[in-house]
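Please take a moment with the sequence and the model before reading on. The paragraphs that follow go from one pair of helices to another, and then to a few single residues.

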Amino acid sequence: MPYIHFTEAQKLRANAVDLVEFLRFKGELLIREGSEFRMASNHSVTIRGSEWYDHATEKGGGPVSFLKEFYGMNYAEAVLTLLNEDAGQLCPQVSTPREKVKKPFELPPANENNRRVFAYLLKHRCLDREVLTTFVRLGLIYEDQKYHNAVFVGMDPEGKARHAHKRSTNSQGKSFRMTVEGSDFKYAFNWPGTSGHLLVFEAPIDMLSFISKFHDSNWAVHSYVALCGTSSQPLLGMLERHPNIENVLLCLDNDQAGQLATRRLAGVVRERGLTVDARVPVNKDWNEDLCANFQQTEEQQFEQKLS
């Protein structure tokens, strides 16, 4: 493509395109998560207004860099596509840049009981009752009052809540999950143990599923953390707070985003002189493995009754 000169006004207009509307026009399926959207085709990428961020690679930017990164375009092709002047149309613009004001972190008000959370996590997610009860008693999991979501709380060493991740308890329809605004990702959902072992997961339910599937009486001596995505911040936070950790086991999802994140995080761990290994679920994630095992056990018990 021959050199194309773009004015400063054109460059600014291209980088002010509303990425959400642009991707919808392109036929991309987006999943709403609070004030952001997540790409259905790549769950590690979140979009808000004209900005994007890839939690797997920890890179982000504006519309031009998005088209270069995910559509394989060069700079000129990306700007022309966003200006869309050949078609006589302009891509939708973000109306006015919104000043980012950090909202103070606050836990959602708790419901008077946790019935829906227990029903959802035990019946539909097949978690071990004893493991779930342990987390609930410590205030690390509860049911919110307004929407009856499951809230997974991340606490600091003093027992103060610093992070919260919400997950809908609906077993049908669209699933909802989001991190509460103002959360500090260094304190994402975690369990601080006393041994030198740290196990790392993408989501709180994956972490609880792994413990439910493989736990024994000594499970609590190890440390666990759910990244609530694939960011390295929760992992680094655990390593900073627990200098006794010597071994890290990465237990991320069995998909492309999980595999990329595993390689990236393994490098982060090795840079700190720690040993690192990876364990991959048979299915897409650890909850699918747990539920498949639960279903198989039920079928075996049924067959035994018939024999």
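In this predicted model, a good place to begin is the pair formed by helix H5 (residues 115–124) and helix H6 (residues 129–137), which pack at an angle of about 150 degrees with their axes 11 Å apart. Angles over 145 degrees count as roughly antiparallel, and H5 and H6 are therefore roughly antiparallel to each other. Their crossing is right-handed, and the residues that meet there are Phe118, Leu121 and Leu122 from H5 and Arg129, Leu132, Thr133 and Val136 from H6.

The loop between H5 and H6 contains Cys126, a residue other than glycine whose phi is nevertheless positive, near 60 degrees. Is Cys126 buried or exposed? With a relative accessible area of 12%, Cys126 is buried.

A similar description can be given for a residue in another loop. His148 is found between strand S6 (141–143) and strand S7 (150–155), and its phi, near 60 degrees, is again a positive value in a residue other than glycine. At 17% relative accessibility, His148 counts as buried, because the cut-off for that word is under 20%.

The next pair to look at is H3 and H4, which pack at an angle of about 120 degrees, with their axes 9 Å apart. That angle makes H3 oblique to H4, and H3 passes H4 in a right-handed crossing. On the H3 side, the residues taking part are Pro63, Val64, Leu67 and Lys68, and they meet Tyr75, Ala78, Val79, Thr81 and Leu82 on the H4 side.

Helix H4 (residues 75–83) deserves a closer look in its own right, and one may ask which of its residues are buried. They are Ala76, Ala78, Val79, Leu82 and Leu83. When the helix is viewed down its axis, these buried residues fall within an arc of 165 degrees, so they line one face of H4. A general property of helices helps in reading such a pattern: an α-helix has 3.6 residues a turn, so residues three or four places apart point the same way. The cover over the buried residues of H4 includes helix H1 (8–14), helix H2 (19–25) and helix H3 (63–70).

Both ends of H4 carry a local feature that can be found in the model. At the start of the helix, a side-chain oxygen of Asn74 reaches to within 3.2 Å of the backbone nitrogen of Ala76, while just after the helix Asn84 takes a positive phi of about 50 degrees.

Further along the chain, Val268 lies in helix H9 (residues 256–271), and with a relative accessible area of 16% this residue is buried. Although Val268 and Leu236 are 32 residues apart along the chain, their C-alpha atoms are separated by 8.6 Å.

Finally, these details can be set against the protein as a whole, whose secondary structure comes to 10 helices and 14 strands. Of its 307 residues, 45% count as buried, and Val268, at 16% relative accessible area, is one of the buried residues. If one takes the contacts in the protein with a separation of 6 or more, residues 24 or more positions apart account for 63% of them.

Technical notes. Residues numbered from 1 in each chain as written. Predicted model: local features only at pLDDT ≥ 70, side-chain atom pairs only at ≥ 80, totals over all residues. Heavy atoms only, no water. Buried < 20%, exposed > 50% of the residue type's maximum accessible area, 1.4 Å probe, protein only. Helix = DSSP H or I, 4+ residues; strand = E, 2+ residues; numbered from the N terminus. Arc of directions from axis to C-beta. Contact = heavy atoms within 4.5 Å. Polar contact = N/O pair within 3.5 Å; in protein donor to acceptor, adjacent residues only side chain to side chain. Axes fitted to C-alpha atoms, helices over the stretch in contact; angles between N-to-C directions. Parallel < 35°, antiparallel > 145°, perpendicular 65-115°, else oblique. Left-handed = near helix turned anticlockwise from the far one by under 90°.
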